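I opened my notebook for a first look around this structure. Here is what I looked up, entry by entry, for anyone new to it.

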Amino acid sequence: MFQSLFKLGLGLASATALTATSQAQETYRLPPQELVDIVDAAPSPWTSLSPSDDTLLLMHREALPPVAELARPMERLAGLRLDATLNGRHGPRSIVGLSFIDLDTGEEQNVDLPEDAGISFTTWSPDGSQLAFVMTRNDTLSLWVVDVATARARQLVRSGINAVFSPIDWMPSGDQILVSLVDPDRGPMPVAPRVPAGPVIQEASGYEAPVRTYQDLLEDEHDAALFAWLSASQLALVNTTGRPRLREIGAPGLYYSADPAPGGDYILVGEMEQPFSYQVPWYSFPDRTFVIDLDGDEVATIARQPLADNVPIGGVITGRRSIGWQASHEARLTWAEALDGGDPRTETDQRDSVWALAAPFDGEPVEILRTEDRYYGTRFTAVGQTGFAMEYDRDTRVIRRWLVDFADPSVEPRLAEERNYQDRYANPGSALTVRNEFGQDVVGVHEGYMYFAGDGATPDGDRPFLNRVSFESFETEQIWRNSGENYEEVIGLTAPDASSFLTSWEDPVTPPNVRWHQAGEETVQLTQFENPHPQLNEISRQLITYEREDGVPLSATLYLPADYESGDTLPVLVWGYPLEYNDASTAGQVSGSPYEFARLAGTSPRFLVTQGYALLENATMPIVGDDPETVNDTFIHQLVLSAEAARDVTVEMGFGDGERLAIAGHSYGAFMTAHLLAASDVFRAGIARSGAYNRTLTPFGFQSERRTFWQAPEVYFELSPFMHADQINEPMLMIHGQMDNNSGTYPMQSERMYAAVKGNAGTARLVMLPYESHGYRARESVLHVLAESIDWLDRWVKPEVDPMGED
């Protein structure tokens, strides 16, 4: 007996040693130096046009941060990731400098700021004369403001900013900022007890309460106390002219929003209430919405909501929701209320009603309109109190946009738009906005016309446009449209009649730069951002269309290496992401443009082109079905059809041999990758990043699936690659962030999928990236992912003879 146990012990020890070897931590690796140089190149600045339309803001960025910044201590609470030292969100900085370009002179002025500063929450004053932002430096958050004319910055609040939620907002007057401060009277940071007070208990009370697989939720009483400690804030006003003076408003509270009224006399406040929940994120906690005056005195309670843990899948809360100020009134609130109990499964002729209530908020609210489908907000205009209200039918995917007069609900709403929201070819674009008398963004209307800009999707790719639209008839006239071998889109108007406007211009070898179009004058280029990777200029790019066996049209962007010669066959990487559609016509619409700048950043699959691979990027993988309830019943079959069509087009065009193909994707694209490796033999290998593979772990729906596991267990089983791990006989590289907080793609998904493939004698490699979430941000992580991906494809796909011995 003892000898048997001894032998068993040796066996377990050997197995443990083997496991430790196979799971040993490696150091970060680097791809070829040419790719390191590209990753390390600083990206172009972000741009923003001032409300006064005379100044362009450049927000300068740095290359990827080191993993050490991601490794800062993190508190994972109520669906948020917080940095307790800063009392704000956790994460590396992205903006490191500011400058302004004067449109009249073309001169650029840099803003002088302290070294090692991180910039966030940049916001223009209503008149565009000032810019406010929060600075992160030396583990402190401070509030700064810049005078745009002189580009001089000064500090208004030295420390104590609470950035758990949005920390700053301009008052309509433009000379004060509403700021959220840390509760000045809070005690020391709560410390987790070594000995718990008792068990953590939850109890179901017999009502339907489906919840998604949220992450970073509160787990115990200490978490709840710490979240309250970090979230509690004190509202205050600080002036931006003269010597800064800070005036507190009211008492501290668990405020998640504070929005000044357009007239500046009131503040709409959203406040969480305790007890918190361990099952849902903060935005589903009990809360109260109320109005205060500038002395902090409460004027009116607008709504009080209980814990929202029983909202139907795809539904909304009952009672007042989407509460906000009417942009065209000095102090009037609007909101929506569900007429169907918030349940999209309820058969009804009308789903929502929209209401308004003006100051002093003690009268009866006025019903403005009722919608046939779910209401999704209103964009107000510069004409009276009119606004474009939008509703959406989740079954047909149809959106309708109505012009509504909020001042006179008896006026019949006028239909301005009705289309399937996936119909890109029919998309009229977005209305360009102006600031109204209250400093609020509203749809601009000049001499009876509005101006719309959009992507301009066509069967030949996107061709952005600028249209003039009659406010009375909605008749449309095209003013400008992108043409030529470049991609140019509208940023904003610099004249109310669109006689001058700014665009972002790029071509395959030139990054986006800002241009100024003025009627009767030569176009002026305002910025001169250089190509960070000119060595890749010779990579070719082409938008291709093809068709799968059932007649559904497909498309992809084809990239070929710089040294590619016609007639050569290359190994091919197909990168895709499945999307669901009601009909084949919208599923087959082309997106993107062959004339956009060929950006190589992050972990883009385009890096593989530099290593001798052809790339089909954004290869469409549509899932088409009339009934959104059952569209997933043919998910796998349609995926395989799309994959076969992608393979066939590589052969027909001559750059592929039909054998050396790999499939790859991120998130739902990783889910797709695992399915295609299990259900087909189209590909030699796959790369799956940050995916979900066992749908029984997301039992209350996933992606567009509306049925729960208990309603359609066979679908959840069939659509779980984990259940078909024994059929994956091609090598699969899985990559996942160890701290992925995306709903459904928690790290265990990849860990268990790897174990399933390995346990069934499959070939797989699992790479878990420290401190990374759903996307990968640290320099070390990005470079390692590229190195792993190149090595994997070089090993399993590039050779002429299949290394798996299946040729």
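**Entry 1: a valine in a loop**

I began with Val280, which I found in the loop between S17 and S18. I kept in mind from the start that this is a predicted model. Is Val280 buried or exposed? Its relative accessibility comes out at 2%, so I put Val280 down as buried.

Next I asked which residues touch Val280, leaving aside its neighbours within four places in sequence. My list reads Val211, Tyr214, Leu217, Phe285, Leu307, Ala308 and Asp309. I looked further at Val211: it is 69 residues from Val280 in sequence, yet the two C-alpha atoms are 7.3 Å apart in space.

**Entry 2: more from that loop**

I stayed with the loop between S17 and S18, where Pro275 also has its place. The peptide bond leading from Gln274 into Pro275 is cis, and I noted an omega near 5 degrees. I wrote a reminder beside this: most peptide bonds are trans.

Trp282 sits in this loop too, and its ring pairs with that of Tyr256 in strand S16 (residues 255-260). The partners are 26 residues apart, and the pair links distant parts of the chain. What kind of pair is formed by Tyr256 and Trp282? The centres are 5.5 Å apart and the planes stand at 50 degrees, so I called the pair tilted. Trp282 has 17% relative accessibility; the limit for buried is under 20%, so Trp282 counts as buried.

**Entry 3: rings elsewhere**

How many aromatic pairs does a search of the whole structure find? I got 27. I picked out Phe709 and Trp710 to set beside the tilted pair from my last entry. Their ring centres are 5.6 Å apart and their planes are at 85 degrees, so this pair is edge-to-face.

I also checked how covered these two residues are. Phe709 is partly exposed, because its relative accessibility is 24%. Trp710 has 56%, so I marked Trp710 as exposed.

Both belong to one aromatic cluster, and I copied out its members: Tyr577, Phe635, Tyr668, Phe671, Phe700, Phe702, Phe709, Trp710 and Tyr716. Phe671 has a charged companion as well: the charged end of Arg695 sits over its ring, 4.6 Å from the centre. I found another such arrangement at Phe290, where the charged end of Arg288 lies over the ring, 3.9 Å from its centre.

**Entry 4: helix H7**

Tyr668 and Phe671 from the cluster led me to H7, where both are among the buried residues. Does the helix have the span one would expect, or what span does it have? H7 has 12 residues (668-679), which should span 16 Å at 1.5 Å a residue; I found its end C-alpha atoms 16 Å apart, so the two agree.

H7 is mostly covered, with 11 of its 12 residues buried. Besides the two aromatic residues I came for, the buried ones include Met672, His675, Leu676 and Leu677.

**Entry 5: two helices crossing**

Then I turned to helix H2 (residues 33-40) and helix H10 (residues 779-796). I noted that their axes come within 11 Å and cross at roughly 145 degrees. The crossing is right-handed. H2 brings Leu35, Val36, Val39 and Asp40 to the contact, while H10 brings Arg779, Val782, Leu783, Leu786 and Ile790.

**Entry 6: backbone oddments**

I found another cis peptide bond, from Ala359 to Pro360, with omega near 10 degrees. Pro360 lies in the loop between strand S22 (352-358) and strand S23 (366-371).

Which way does phi usually go? Most residues other than glycine have a negative phi. Asp53 has a positive phi of about 60 degrees, and its place is in the loop between strand S1 (46-49) and strand S2 (55-61). Phe121 has a positive phi of about 55 degrees, but this residue lies in strand S8 (residues 118-124). I marked Asp53 as partly exposed at 29% relative accessible area, and Phe121 as partly exposed at 35%.

**Entry 7: a glutamine to finish**

My last stop was Gln422, in the loop between strand S27 (414-420) and strand S28 (430-431). With a relative accessible area of 12%, Gln422 is buried. Not counting residues up to four places away in sequence, Gln422 touches Arg397, Glu580, Tyr581, Asn582, Thr586 and Gln589.

Conventions. Residues numbered from 1 in each chain as written. Predicted model: local features only at pLDDT ≥ 70, side-chain atom pairs only at ≥ 80, totals over all residues. Heavy atoms only, no water. Phe/Tyr/Trp six-rings, centres within 6.5 Å; stacked < 30°, edge-to-face > 60°. Helix = DSSP H or I, 4+ residues; strand = E, 2+ residues; numbered from the N terminus. Buried < 20%, exposed > 50% of the residue type's maximum accessible area, 1.4 Å probe, protein only. Lys NZ or Arg CZ within 6 Å of the ring centre and 35° of its normal. Expected span 1.5 Å × (residues − 1). Axes fitted to C-alpha atoms, helices over the stretch in contact; angles between N-to-C directions. Left-handed = near helix turned anticlockwise from the far one by under 90°. Contact = heavy atoms within 4.5 Å.
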